[in-house]
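Trainee: I would like to look closely at a single part of this chain before going any further. Could you take me through it slowly, and then place it in the wider picture?

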Amino acid sequence: MLLLFLTRIFLLISLTQPQQKILIQDLKTELDRTEDITRKVELYCELSKAHNSINPKTTIAYGNKAVALAQKAGNDKLLALAYNETGSGHYLLGDIDKAVQFYYMALRIREKLGDPSDLSATYNNIGNVYADQRNHKEALPLYKKSLSLATTAQDTLRMSSALSNIGGVYLDQGKFDLALVYYREALPIQEKLNDKQGILISLINIGDAYNGKNDFQTALSYLNKAHLIANDLGSQHDEVYVLRGKAESYLKAGNFEKALDNALASMELAKAYEGKYVLRENAAILDRIYAAMGNFELAHHYLTLHTAYNDSLHNERAADRIAQERVKYETAQKDKENLLLRAEQELNLRKLEQRSIVQYFTIALLLLVCAMAYVFFRGRQHQSRINKLLTQKNELIMHKNQALNQHQKALTEQAQQLNIQKEKLTQLNTIKDKLFSVIAHDLRGPLVALKGLLHVMAMGKVPADKQEGLFNSLVKGQQNVLWMLDNLFDWARAQMEGFEADPKPLPLRELADENIRLLQPVASSKEVVLDNRIDPSLTGCADKEMIRLVLRNLISNGIKFCKAGDTVTLSARLQDDHVLVSVKDTGIGMTPEVQQKLFGASSYSSRGTANEKGSGLGLALCKDFVEHNGGAIWVESVPGMGSTFMFTLPCSVKKEEKGEDAPTVQEKEEKAAEQLQLA
């Protein structure tokens, strides 16, 4: 394997870039011959850009020469271009602080000149800096602004760069399907322009997205195409990413030898290229490969190397950061720290609340037991006294008969009250047990995950490049937990306090649109389409908040059991003196046995198509709320063909007289780790 590895390294390093070398040589020849200072600046900028994928140090050297000549010539447009190219060299070398300095100098000049194409390039590059720092909140608006300016200028090359980089943000956030949408939009533009460098980067990024989806076979097909283009161009910088992506694919496939060969080849090229970021990322994947192979000594070596590069990059940034960027960066860091502190405080408060609930239930139970014992004791004491009086004063039985009957009646009423209290106590205990069960099994998991994450981060064991992914994974499930809490507390309040409906005229389509807007991010993440076909003129007469919760639970339930490409459709029609509302999905459906369990006395829950969990209270709460509004709810479903949840509500107005052949509205409808591109 060592011989194969050395041979591959030799082949990789020996591959050159004929076209790029010819271009560089032509530029140097023209530079030697020309005396025009403006043309010299342009040639230095072109030479600087030509070395982006070969040697960032050479990029910086030519960029500095272009800056000096542009300042001498007094040409602001070329000076901004020279600043941009020099900043790109520093960025590729890992010197973020100097890159930011040059990018902002270019931005100030280009804002004065007002050229949308040049402004698009600068915003794109500044966005790269924020994206590199995993600051997606700042990077995404900059990329979108770059795309808008490039569209205004009809600059298709920069449009493709912005699209690719927007996809990179979503890739880094773990939104792989959304990232693929932008990559596939950028790729045809690059192919039309015959932009081989852009095509190469898009293929690498698409491969990385499929790796993220654990579809390593599709990822390898794109990365192999990218490898051919990288070999043709002879770009060591791009080949580092190709080889690292292939190593990731083989690692996921369990082919550790091929994964190691590609990772080591990528590392050798990265060392020649001297890019600190690629060295850091390559050290990280080598650590994972050796750990998977059981070679923990080498795994520790590369983990140490990864940490060293990471620390080096951090220290260099802190030394020369511009005051403005330092303030933004430190503010962002403090916001993250405050967020963690708030999360920790919320966790502590929840623990205290849980303890308080347990204490309150325990105290209440003890008080009830004491009250029952006291009443029982007093009753026995009273009965004993009566028996003694009866024995001693038998002659007074007739006179005390009435009083005794009254006492017996009072005791009977007390016994009835005790039975009522016992039933209420049993009901409260049942509710308490259900609450604790849901809290322990469905809410404890995310909280424990958050605690574990905070503990691991506090110990410094989570690499910086993986922190965002962990946060995104945690945030992704937060909405489901909040909805589960809403259902849980509404159910508990309804069971313990009771509830009364406040029926009013209810615009059903408007209420459905509100819930669709709320659930659209969840549906988009699963590629599920939400379709509202409710006629705007249809209204029901019901409690708005109750029906809002019913619709939210039914739509969420439909999304939960749908796969990518499925649809959840909302519709409604008049039926006698009621409105019939339907929530239909094309998901996995359910068996008749499962249907019988849905609205039973005991809650029933099953996992969704993406392994989503539920408390089993949502449908029970829907049934209570619909029935309290004078309606009924039921389900129709066939396994593999989806489900339709239907419920009725009273009409707010009487149904108009219609001809027998006049179709309803419903009947009418039923017929009818990416590489950022530099600009």
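In what sense do strand S4 and S5 pair, and over how many bridges?

Mentor: Bearing in mind that this is a predicted model, strand S4, which covers residues 567–575, pairs with S5 in the antiparallel sense, and the pairing runs over 8 bridges. Within that pairing Leu574 stands opposite Val579 of S5, and the two strands form a hairpin in which 2 residues lie between them. One residue of that turn, Asp576, has a positive phi of about 55°.

S5 itself spans residues 578–585 and is mostly covered, since 6 of its 8 residues are buried. S5 also pairs with strand S7 (residues 643–650), again in the antiparallel sense and over 8 bridges, so that S5 has S4 as one partner and S7 as another; in this second pairing, the bridge partner of Asp585 is Ser643 in S7. As background for reading such a sheet, in a regular strand the side chains alternate between its two faces.

To place these strands in the chain as a whole, there are 7 strands alongside 25 helices, and 44% of the 679 residues count as buried. The exposed surface comes to about 35,700 Å², of which carbon and sulfur atoms supply 55%. The largest nonpolar core has 73 residues, and Leu286 and Ile289 have the most contacts inside it; a second, separate core of 42 residues includes Leu530, Val550, Phe599 and Leu621.

Among the helices, H6 (residues 96–113) offers a useful contrast in element type: its 18 residues reach 26 Å from the first C-alpha to the last, close to the 26 Å expected at 1.5 Å a residue. The buried residues of H6 include Asp97 and Arg110 as well as Val100, Phe102 and Leu107, and H6 is followed by Gly114, where phi is positive, near 75°. Ser120 lies in helix H7, residues 116–132, and counts as buried because its relative accessible area is 1%; leaving out residues up to four places away in sequence, Ser120 touches Ser146, Leu149, Ala150 and Arg158.

A word on confidence should accompany all of this: the average pLDDT of the chain is 80, and 76% of the residues score at least 70. Over residues 315–323, however, pLDDT stays under 50, and the model has 15 contacts for them beyond four places in sequence, while residues 325–333 likewise stay under 50 and have 9 such contacts.

Technical notes: Residues are numbered from 1 along each chain as its sequence is written. Side-chain values use heavy atoms; hydrogens and water are left out. Helices (H or I, at least four residues) and strands (E, at least two) are DSSP runs, numbered from the N terminus. Buried means under 20% relative accessible area, exposed over 50%, partly exposed in between (1.4 Å probe, protein chains only). Contact means heavy atoms within 4.5 Å. pLDDT is the predictor's confidence in each residue, from 0 to 100. Accessible areas come from the Shrake-Rupley method with a 1.4 Å probe; for residues, only the protein chains shown count as cover. A nonpolar core is a set of buried Ala, Val, Leu, Ile, Met, Phe, Trp, Tyr and Cys residues joined through side-chain atoms within 4.5 Å. The expected span of a helix is 1.5 Å times one less than its number of residues. Two strands pair if DSSP finds at least two bridges between them.
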